Amino acid sequence: MDLFESAGGTAAVATRVVTLTGITLAVGAVVFRFLVIERLSDSGVRATHRELPSAPWIGVIGAVLAALMSPARLVVQAQALGDGTPSMLGAVASTAWGMAVIAQGITAAGAAAGFLLGRFGSGRARGKGWSMAAAATLGLALSPALTGHAIAEPRWPLVSLASDWVHVLAAGGWIGTLVVLTLEVRRDAAARGRGDRAAALIEAFHAVALGCAGAVVVTGLLSLWLRVPHPFRDLWPSVYADVLLWKIAPVAMVMLFGALHGWKGPGRARAKGARQVAGTLLWECIFAAIVLTVTGMLVGTEPPGLR
């Protein structure tokens, strides 16, 4: 069976991938603002939010992508179930799945507004904008659980929803924050300045990434057990297992690059400048993008445990 067909078709996979990418970027922007930047003071490097502009812009981009995918997902689902007429579109929108997708668009729009206020506001307004973005992003990160396998878990639905929510937040805190970090390091590399700030950012990010990666692994295993209670008996052979293996490989590469950056990155940046790590950080982002693409297929593929 074609992997895209088993995941609902090319259009459905594409809208899910873009949605997941948007959510990941929005979460990453929030984590970078509230965790990574705040940890810089421990390294003695001072940097204001204005001096690190990538986070709000990445947040805006991610939130806008997620908002645009809300109507797109409704249209794709209506076309999959019928002829895509307004009546069918209204029927899809009135379902629990459709209302969750609409909520995705609303929370994404709120997050985008918060990021913009956090970027262009002044004084208290800037702080309120970031708080608004953080609250809306927390709600936005729940949408994959409400529109995917988690909500269909018959035994422990609340555990399934919570696990999926934490998984999305942790993945965003890992991969989304990585994107912001890479942009900031590449800005330093383009300026051909010393690599002290890049090194400090990598060190601050590495501590956050370790916690997020651990949460991703734990919640991923929990979700797999919930979907497939007897994995050694039911998982193979299945299309779900094939896609899962395709996901594990790039995740391992992201972990490998992350370990190398955490171990050698700060020293290389301080010794030879930010350019020494900018290229490998970009490669880590490329493998992370592959992870998101395969995840868009995995969440649309029926697990053997749900048959």
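1. Before we look at how helices pack, one definition: a helix axis here is a line fitted to C-alpha atoms over the stretch in contact, and the angle between two axes runs from 0 to 180 degrees between N-to-C directions. Keep in mind too that this is a predicted model.

2. Start with helix α8 (residues 157–191) and helix α12 (residues 275–298). Their axes are 9 Å apart, and the packing angle is about 155°. Angles over 145 degrees count as roughly antiparallel, so that is the label for α8 relative to α12. The crossing of α8 past α12 is left-handed.

3. Who does the touching in that pair? On the α8 side, the contact residues include Ile175, Leu178, Val179, Thr182 and Arg186. On the α12 side, you'll find Arg275, Leu281, Leu282, Glu284 and Cys285 among them. Sorted by class, the α8 and α12 contact has 13 nonpolar, 2 polar and 3 charged residues.

4. Next, have a look at helix α5, which covers residues 96–120. From first C-alpha to last, the 25 residues of α5 reach 36 Å, close to the 36 Å expected at 1.5 Å a residue. Several α5 residues are buried, including Gly98, Val101, Gln104, Ala108, Ala111, Phe115 and Gly118. While you scan that list, a general point may help: an α-helix has 3.6 residues a turn, so residues three or four places apart point the same way.

5. α5 also packs against helix α6 (residues 124–140), at an angle of about 155° and with the axes 7 Å apart. Once again the angle makes the two helices, α5 and α6, roughly antiparallel to each other. Their crossing is left-handed.

6. What makes the contact between α5 and α6? From α5 come residues including Gln104, Thr107, Ala108, Ala111, Phe115 and Leu117. From α6 come Ala125, Arg126, Trp130, Met132, Ala136 and Leu140, among others. The class count for α5 with α6 is 11 nonpolar, 8 polar and 1 charged. If you flip back to the burial list, Gln104, Ala108, Ala111 and Phe115 of α5 appear there as buried.

7. Now for some single residues. Alanine 66 sits in helix α3 (residues 54–81). Its relative accessible area is 0%, so alanine 66 counts as buried. Leaving out residues up to four places away in sequence, alanine 66 touches Gly22, Ile23, Gln104, Ala108 and Leu140. Two of the names there, Gln104 and Ala108, are also in the α5 side of the contact with α6, and Leu140 is in the α6 side. Alanine 66 and threonine 19 are 47 residues apart in sequence, yet their C-alpha atoms are 4.8 Å apart in space.

8. Helix α2 (residues 10–43) holds threonine 15. Is threonine 15 buried or exposed? Threonine 15 has a relative accessible area of 9%, and under 20% means buried. Apart from neighbours within four places in sequence, threonine 15 is in contact with Met69, Ala72, Arg73 and Val76.

9. Finally, compare two more residues of α2: valine 13 and leucine 40. Valine 13 is buried at 3% relative accessible area, and leucine 40 is buried at 2%. How far apart are the C-alpha atoms of leucine 40 and leucine 201? They are separated by 6.8 Å, with their positions 161 residues apart along the chain. Valine 13 and tryptophan 174 are likewise 161 residues apart in sequence, but 22 Å apart in space, C-alpha to C-alpha.

Conventions
Residues numbered from 1 in each chain as written. Predicted model: local features only at pLDDT ≥ 70, side-chain atom pairs only at ≥ 80, totals over all residues. Heavy atoms only, no water. Helix = DSSP H or I, 4+ residues; strand = E, 2+ residues; numbered from the N terminus. Parallel < 35°, antiparallel > 145°, perpendicular 65-115°, else oblique. Left-handed = near helix turned anticlockwise from the far one by under 90°. Contact = heavy atoms within 4.5 Å. Nonpolar A, V, L, I, M, F, W, Y, C, P; charged D, E, K, R; others polar. Expected span 1.5 Å × (residues − 1). Buried < 20%, exposed > 50% of the residue type's maximum accessible area, 1.4 Å probe, protein only.
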